[in-house]
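This report examines selected local features of one structure. The sequence and the model are shown first.

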Amino acid sequence: MLLYFCKRILYGIPVLITVATLTFGIMHLVPGGPFDTEKKLPPEIIANIEAKYHLNEPLVTQYFLYMKQILQGDLGPSYKYIGRDVSAIIAETFPVSLTLGLCAVVVILGLGIPGGIVAAYWRDTAIDRSCVFLATLGISVPSFVLGTVLVWGLSHKLHWLPPALWEGPRHVIMPAIALGAGFAGYIARLTRTTILDVLAADYIRTARAKGLSEPTVLLKHALKNSIYPVVSVMGPLVAGLVTGSFVIEFIFSIPGMGSFFITAVTNRDYPLIMGVTLVYAVLIVLANIVVDMMYAWLDPRVSLGK
Amino acid sequence: MKHFPLSSRLSALFLVAVALAAIFAPWVAPFSYETQDTANTLASPNPANWLGTDRLGRDLFSRMIYGARVSLFIGVATTVLAILIGTVYGAVSGYAGKRTDNLMMRIVDVVFALPDLLMIILITVLMGRGVTGIFIALTMVSWVTVARLVRGEVLRIKELTFVEAARALGASHARIFVREIFPNLVGILIITLSFRIPVAILAESTLSFIGLGISPPFSSWGTLANDGWTAVKFYPHLILFPSLAIFFTILAFNFLGEGLRDALDPRT
């Protein structure tokens with residue numbers, strides 16, 4: 001297990017180097033720099049700025065300087081937030097985005113799995129059909145549409161919840177729902193399908209014949225064997241939550257990594273763009289490893305290291 | 001096509017209507033998309049302006065019809081191009097097999113490593129945010145999904161007996177691919193088309209909504225929603241109608257795709 005884990009980490013490294021190189025390349029091919037202003041700056045000042053950020057060095061030197069800095073955990077200074085390091089900005093905004101993401105996962109699993117179980121158990125009834133309908137609706141509605149409808153309805157009309165900012169538990173509810181609803185619908189449909197398959201299996205009939213109660217059959221025997229497909233989509237789900245958070249943090253003015261990323265793109269703040277992209281890449285590589293490990297841990301038929 | 005559900009038929013009808021309105025926008029739209037009526041700004045829906053007007057007094061209904069041009073064009077054109085590239089790439093990779101396949105799939109893996117929206121944003125930083133930039137970025141991201149799918153199918157089909165028979169008869173690789181393998185891919189490509197178009201429309205509208213997508217003078221439904229967002233508290237119609245247009249279009253493509261899948265995919 002440990003050997004496999006180390007091996008997967010090693011496999012992740014080339015991916016991260018590629019991502020770092022690609023973002024570096026893209027950022028330096030872009031026309032227009034971060035210090036282009038309305039007013040023309042005197043050439044001496046431009047020269048000073050370029051010297052400070054090593055922009056006057058050849059591209060190859062800049063590349064190796066950048067890679068060396070990354071290895072030391074230093075993502076360089078931000079061009080726009082003067083006097084602040086990218087690492088410091090990320091350290092400050094990452095926990096916010098992580099909290100939002102975890103709350104969304106709670107929404108996804110809390111709505112998706114029970115929804116799927118209920119729909120499968122009462123299959124082909126009105127309950128099943130309404131669950132499937134809601135799930136399809138959740139999958140089809142773009143998160144920014146759901147987000148704006150929630151803000152308009154629950155905040156502006158009913159005044160139940162705050163429409164924006166990040167100041168306490170009440171501020172988490174709407175963003176988490178808006179971010180999670182689509183995936184919840186997806187998980188619900190997936191759970192429904194797998195539970196339907198499992199419920200037809202012989203061992204379920206055996207369990208019922210032994211006189212076990214329905215909740216025991218459903219939750220202990222059926223759910224345990226139908227959870228694997230759900231675990232396997234958790235990897236792509238992390239990637240989806242990352243990009244979903246751009247939109248949600250924009251709508252709800254949440255000071256997370258996503259909204260800083262968007263601002264960085266508009267400001268051409270290259271170090272910040274590259275830093276945030278790298279953090280996302282690391283996150284996704286790690287998430288995929290964790291999902292594979294969980295898969296092997298849950299399902300004894302999957303063997304690692306081969 | 002004996003079993004094509006009602007939801008898919010209605011969706012097809014809806015999409016045809018939207019597409020026709022977009023194509024014939026100058027004749028369908030009651031106003032031009034840039035005519036400003038400063039005496040009539042921020043009007044709620046009324047008999048003259050069916051969906052109300054924006055802060056410059058422009059008719060929202062007309063702007064949405066013109067917006068459909070941008071949204072649908074981006075969705076359909078990028079998907080068609082991505083399917084062309086992905087099919088050729090995936091077919092070559094799957095048909096060649098062995099080391100070529102391995103190498104070609106590594107490249108696909110790299111594109112897959114980052115989430116689509118993040119990649120698109122990075123590419124548009126390079127390409128600029130016009131229609132062209134978004135178009136290139138979306139295509140560059142979405143062809144890999146098609147390539148993976150087609151490769152898998154080709155790997156399966158090339159082992160089937162009728163392909164073996166053609167090979168035994170001395171058919172060339174090109175002939176085997178065009179006459180034996182490709183006809184078996186058509187169904188799955190049509191289904192993919194129907195499921196990938198809404199993904200592209202969603203990506204574009206999301207980008208435009210957060211202000212990183214289509215920029216003026218063009219405006220897509222996402223741009224219109226972004227315009228309306230700042231006034232959501234007092235003039236909700238400005239964001240409501242463009243959002244609904246995006247939502248119903250995506251829903252219709254998904255229903256259509258599900259119907260097509262049940263009708264065309266031999267595996268279901």
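Which residues line the largest cavity? In this predicted model, the lining consists of A:Gly115, A:Gly116, A:Ala119, A:Cys131, A:Val132, A:Ala135, A:Ala188, A:Arg189 and A:Arg192. A search of the whole structure finds one cavity of 30 Å³ or more, and the volume of the largest cavity is about 40 Å³. Helices α4, α5 and α7 (173–199) of chain A each contribute at least two residues to this lining. By residue class, the lining comprises five nonpolar, two polar and two charged residues.

**Helix α1 of chain A**

Helix α1 of chain A covers residues 2–29, a total of 28 residues. From its first C-alpha to its last, helix α1 of chain A reaches 41 Å, which is close to the 40 Å expected at 1.5 Å a residue. Buried residues in α1(A) include A:Tyr4, A:Arg8 and A:Gly12. Further along the helix, A:Val19, A:Ala20, A:Thr23, A:Phe24, A:Ile26 and A:Met27 are buried as well. The cover over the buried residues of α1(A) includes elements from two chains: α3 (59–71) and α13 (270–298) of chain A, and α5 (116–127) of chain B.

**A:Gln62 in helix α3**

A:Gln62 belongs to helix α3 of chain A. Is A:Gln62 buried or exposed? Its relative accessible area is 10%, so A:Gln62 counts as buried, the cut-off being under 20%. Leaving aside residues up to four places away in sequence, A:Gln62 touches A:Phe24, A:His28, A:His54, A:Leu55 and A:Glu57. One of these contacts, A:Phe24, is itself among the buried residues of α1(A).

**Positive phi outside glycine**

Most residues other than glycine have a negative phi. A:Asp124 has a positive phi although it is a residue other than glycine, and A:Ser253 likewise has a positive phi without being a glycine. The table sets out both residues.

| Residue | Phi | Loop of chain A | Relative accessibility |
|---|---|---|---|
| A:Asp124 | near 60° | between α4 (86–121) and α5 (126–140) | 51%, exposed |
| A:Ser253 | about 45° | between α11 (234–251) and α12 (257–267) | 40%, partly exposed |

Why does A:Asp124 count as exposed? Its relative accessibility is 51%, and exposed means over 50%. A:Ser253, at 40%, therefore counts as partly exposed. The loop that holds A:Asp124 joins the topic of the cavity: this loop lies between α4 and α5 of chain A, and both of these helices supply residues to the lining of the largest cavity.

Terms used. Residues are numbered from 1 along each chain as its sequence is written. Chains are lettered from A and ligands numbered from 1 in the order in which they are written. This is a predicted model: local features need pLDDT of at least 70, side-chain atom pairs count only at pLDDT 80 or more; totals for chains, interfaces and linings use all residues. Side-chain values use heavy atoms; hydrogens and water are left out. Helices (H or I, at least four residues) and strands (E, at least two) are DSSP runs, numbered from the N terminus. The expected span of a helix is 1.5 Å times one less than its number of residues. Buried means under 20% relative accessible area, exposed over 50%, partly exposed in between (1.4 Å probe, protein chains only). Contact means heavy atoms within 4.5 Å. On a 1 Å grid over the protein atoms alone, a cavity is a set of points where a 1.4 Å probe fits but cannot get out, and a pocket is an open set with protein on both sides within 12 Å along at least five of seven lines; lining residues have an atom within 4 Å of a point. Grid points are joined across faces, edges and corners, and a volume is the space filled by probe spheres set on the points. Ala, Val, Leu, Ile, Met, Phe, Trp, Tyr, Cys and Pro count as nonpolar, Asp, Glu, Lys and Arg as charged, and the others, Gly among them, as polar.
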